[in-house]
Amino acid sequence: MMNKLFLILVVFAAITIIPVSYAQNASFLGEPAYQKSIEITVDELENIQAKHSIASSNNPVTVKLFEDAIPDTLSVTNEDGEKLEFAIIGFGNNEGAITILSTNENAVIEYDLENIIWQSDNILTLNIGYP
């Protein structure tokens, strides 16, 4: 009898603790997106913009963003320029991701990056971090 009670208690504890620990991980909010292409554009004023082209999906998908992304500049649209619904995940320590809710069309994610160009001895260096 005591063994059954102990077993039930352990199973109950596992059921209540495991979902809480997974809630801290952004990858469980949607499957990883199939990214058709990723582009980084640097203009003559040293403004840097990232662009991800995402394939259509019936399920929510998660896209990890470059380090030092500026959250205020995030734009998620379809190929016709119409805005899509998305959620921002974890922009705490220079890392971030977004979850795009299910869409039956391709998506385009655009945002600006900061603090990734360094100049040393008249040479510009682009320091990009992608998870």
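Modeller: Two strands count as paired when DSSP finds at least two bridges between them. The model discussed here is predicted.

Colleague: How many bridges join β3 to β8?

Modeller: One opposed pair of residues shows where these strands meet: A50 stands opposite Y111 in β8. The two strands run antiparallel. The number of bridges joining β3 to β8 is seven.

Colleague: In which order do the strands of the open sheet of four stand?

Modeller: The pairing in this open sheet is antiparallel. Neighbouring strands are turned by 20° against each other on average, direction ignored. The order is β2-β3-β8-β5.

Colleague: Which strands stand at the edges of that sheet?

Modeller: An edge strand here has a single partner, so one side of it is left without a neighbour in the sheet. In the order β2-β3-β8-β5, this applies to β2 (35-42) and β5 (75-78).

Colleague: β4 has partners as well. Which residue in β4 is the bridge partner of P32?

Modeller: Strand β1, residues 31-32, is joined to β4 by two bridges, and the two strands run parallel. The β4 residue that bridges to P32 is T62.

Colleague: Which residue of β7 does T62 stand opposite?

Modeller: β4 also pairs with β7, this time in the antiparallel sense and over four bridges. T62, the bridge partner of P32, stands opposite a residue of β7, namely T99.

Colleague: Which element gives the most to the largest nonpolar core?

Modeller: That core has 19 residues, and those with the most contacts inside it include V63, I98, Y111 and L113. Two or more residues come from each of β3 (48-54), β4 (61-64), β7 (97-100) and β8 (107-113). With four residues, the element that gives the most is β8.

Colleague: Which residues does L113 touch, leaving out those up to four places away in sequence?

Modeller: L113 is among the residues with the most contacts inside the largest nonpolar core. Its contacts beyond four places in sequence are I40, I48, A50, F66, E67, D68, A69 and I70.

Colleague: D68 is on that list. Is D68 buried or exposed?

Modeller: D68 sits in the loop between β4 and β5, and its phi is near 65°, a positive value in a residue other than glycine. Most residues other than glycine have a negative phi. The relative accessibility of D68 is 19%, and the cut-off is under 20%, so D68 counts as buried.

Colleague: N122 also has a positive phi. Is N122 buried or exposed?

Modeller: N122 is found in the loop between β9 (117-120) and β10 (123-126), with phi near 60°. Its relative accessible area is 73%, and the cut-off is over 50%, so N122 is exposed.

Colleague: With which residue does E79 form a salt bridge?

Modeller: The count of salt bridges comes to one. In this pair the closest N and O atoms are 3.9 Å apart, within the 4 Å limit. The partner of E79 is K36.

Colleague: How many residues apart in sequence are the parts that E79 and K36 tie together?

Modeller: E79 is exposed, with a relative accessible area of 55%, whereas K36 counts as partly exposed at 42%. E79 lies in the loop between β5 and β6 (86-89) and K36 in strand β2, so the pair ties together parts whose separation in sequence, in residues, is 43.

Technical notes:
Residues are numbered from 1 along each chain as its sequence is written. This is a predicted model: local features need pLDDT of at least 70, side-chain atom pairs count only at pLDDT 80 or more; totals for chains, interfaces and linings use all residues. Side-chain values use heavy atoms; hydrogens and water are left out. A nonpolar core is a set of buried Ala, Val, Leu, Ile, Met, Phe, Trp, Tyr and Cys residues joined through side-chain atoms within 4.5 Å. Buried means under 20% relative accessible area, exposed over 50%, partly exposed in between (1.4 Å probe, protein chains only). Contact means heavy atoms within 4.5 Å. Axes are lines fitted to C-alpha atoms, for helices over the stretch in contact, and angles run from 0 to 180 degrees between N-to-C directions. A salt bridge is a side-chain nitrogen of Lys or Arg within 4 Å of a carboxyl oxygen of Asp or Glu.
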